[in-house]
Amino acid sequence: MDNTINEDKKRATLSDKLLKVQSDLDTGLSKGRSFAELFRTLTTTDDNVELLDAAKKLYAFVVDSDAVIFPQKFEASDYYLIFMTRLIELSGLKTKLGLEVEQENNYQKLFHTWTGTSQKFRFKMANNQAEYVDQATQQTIFHLSLDERKMSFNTDTINNFYFLNQQDDEDSLVDEIKLFTKFGQILEEVYNFEVDFNMFDARNNKVYEFDQTSLNTDIIDELFVDAAKNGFTLLNAEKLLGAYLKLDNHVVFSIFQEIPASDQWAIQVNDKSEEKSLFDILKQYNFLNDWYVRNIADLKLKMLF
């Protein structure tokens, strides 16, 4: 009798273990189906709210389980890249941006390419946010957080990549900036993101503060001479310490001491149509571009976040 009971217990224990395996398989496969549904939403939805929600969920989604390991998947940061790609597509923007997929171990890596160049971009995660990185130089173009709804262009990369870069075609670089800026504007308008456009902000109320306080007045003297050589007159500011240039089409470029107490200096661009950013002005006038490059360390702009 006792032997019969013991055998029944053994069979029950064995069956329990098999049932646990089956349960784990069902759970793992169900998780995979949930993942596939989210991925389908990310890649096919026309709804902006669903798009952002799917990207955020997929970023935090761990599809593998003890019982089920999926052989091919994307890295978490690539859901940011898919989100960016789809948002640009949904906005109907014409772009030279391309998409490449590379296999590495069990992961598929996504890259953005740019027609006419050898440039490649992809997101990588750092400090709880995604960084959009140029693969050749490893410089971060902008930072993006879907959870915090923030985007910020990187000052050092702007200087290195778009002013000191002697290798890439400048027209291609300007086209990139137009697209990346438009992407930030869409995030602002559609999702109410907080975006630091750095020197790409064309709004008249934008004050471009310098990263360091105080300013060597020789820099303003240089600008006076450079402007005069190119047919423009640098005039003294009336209410603040500083000066301004009246450029073409009623655009005014000002450099001034914004906060006397801390000796905080800044630049501001006033354009009635609000189409010209500081970047546009520097690129439009060679003497301003050269002046900026010569003094790029002193004129480095502050990042807001």
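**View 1. The hairpin of strands β3 and β4 in the predicted model.** In this hairpin, 5 residues lie between the strands, and Gly 116 takes a positive phi near 90 degrees. The two strands pair in the antiparallel sense over 2 bridges. Thr 113 has Lys 120 of β4 as its bridge partner. Like every view that follows, this one shows a predicted model.

**View 2. Strand β3 and its other partners, β1 and β2.** Strand β3 covers residues 107-114, and 7 of its 8 residues are buried, so that the strand is mostly covered. With strand β2 (residues 97-104), β3 pairs in the antiparallel sense over 8 bridges. One of the matched pairs is Glu 102 with Lys 109 of β3. The hairpin formed by β2 and β3 has 2 residues between the strands, and Asn 105 in the turn has a positive phi of about 55 degrees. Strand β1 runs parallel to β3, and 2 bridges join them. Here Phe 74 has Gln 108 of β3 as its bridge partner. Strands of a sheet pair through backbone hydrogen bonds, and both parallel and antiparallel pairing are possible.

**View 3. Phe 123 in strand β4 and the residues around it.** Phe 123 belongs to strand β4, which spans residues 120-126. Its relative accessible area is 0%; buried means under 20%, so Phe 123 counts as buried. Leaving out residues up to four places away in sequence, Phe 123 touches Ser 77, Tyr 80, Leu 81, Met 84, Ala 130, Glu 131, Tyr 132, Phe 142 and Leu 144. Lys 276 is 153 residues from Phe 123 in sequence, and the two are 29 Å apart in space, C-alpha to C-alpha.

**View 4. Ser 77 in the loop between β1 and α3.** Ser 77 is found in the loop that lies between β1 (73-74) and α3. With a relative accessible area of 4%, Ser 77 is buried. Not counting residues up to four places away in sequence, Ser 77 touches Arg 122, Phe 123, Lys 124 and Met 125.

**View 5. The crossing of helices α3 and α5.** The axes of α3 (residues 78-90) and α5 (residues 170-191) come within 11 Å and cross at roughly 85 degrees. The two helices are therefore roughly perpendicular to each other. On the α3 side, the contact is made by Phe 83, Met 84, Leu 87 and Ile 88. On the α5 side, it is made by Leu 179, Phe 180, Phe 183, Ile 186, Leu 187 and Tyr 191. By class, the contact has 10 nonpolar residues, no polar residues and no charged residues.

**View 6. Helix α4 and its surroundings.** Helix α4 (residues 155-162) is largely enclosed by the rest of the structure, because 6 of its 8 residues are buried. These buried residues are Thr 155, Thr 157, Ile 158, Asn 159, Phe 161 and Tyr 162. They pack against strands β5 (129-134), β6 (139-145) and β7 (150-153), and against helices α5, α7 (278-284) and α8 (286-294).

**View 7. Met 199 in the largest nonpolar core.** This core has 78 residues. Those with the most contacts inside it are Phe 83, Phe 142, Met 199, Phe 253 and Leu 288. Not counting residues up to four places away in sequence, Met 199 touches Ile 158, Phe 163, Tyr 208, Ser 277, Leu 278, Phe 279, Leu 282, Tyr 292 and Leu 301.

**View 8. An open sheet of 5 strands with helix α8 packed on it.** The strands stand in the order β9-β13-β12-β11-β10, and the pairing is antiparallel. At the edges are β9 (208-209) and β10 (234-236); each has a single partner strand, so one side of each is left without a neighbour in the sheet. Helix α8 touches β11, β12 and β13, and its direction makes about 30 degrees with that of β12.

**View 9. Strand β12 between β11 and β13.** Strand β11 (residues 242-246) is joined to β12 (residues 252-259) by 5 bridges. Their hairpin has 5 residues between the strands, and Asn 249 in the turn has a positive phi of about 60 degrees. Another 7 bridges join β12 to β13 (residues 264-270). In this second hairpin, 4 residues lie between the strands, and Asp 263 in the turn has a positive phi of about 55 degrees. Phe 253 of β12 stands opposite Leu 245 and opposite Val 269 in β13. Ile 259 has Gln 264 of β13 as its bridge partner.

Notes. Residues numbered from 1 in each chain as written. Predicted model: local features only at pLDDT ≥ 70, side-chain atom pairs only at ≥ 80, totals over all residues. Heavy atoms only, no water. Axes fitted to C-alpha atoms, helices over the stretch in contact; angles between N-to-C directions. Parallel < 35°, antiparallel > 145°, perpendicular 65-115°, else oblique. Contact = heavy atoms within 4.5 Å. Nonpolar A, V, L, I, M, F, W, Y, C, P; charged D, E, K, R; others polar. Buried < 20%, exposed > 50% of the residue type's maximum accessible area, 1.4 Å probe, protein only. Pairing = 2+ DSSP bridges. Core = buried A, V, L, I, M, F, W, Y, C linked by side-chain atoms within 4.5 Å.
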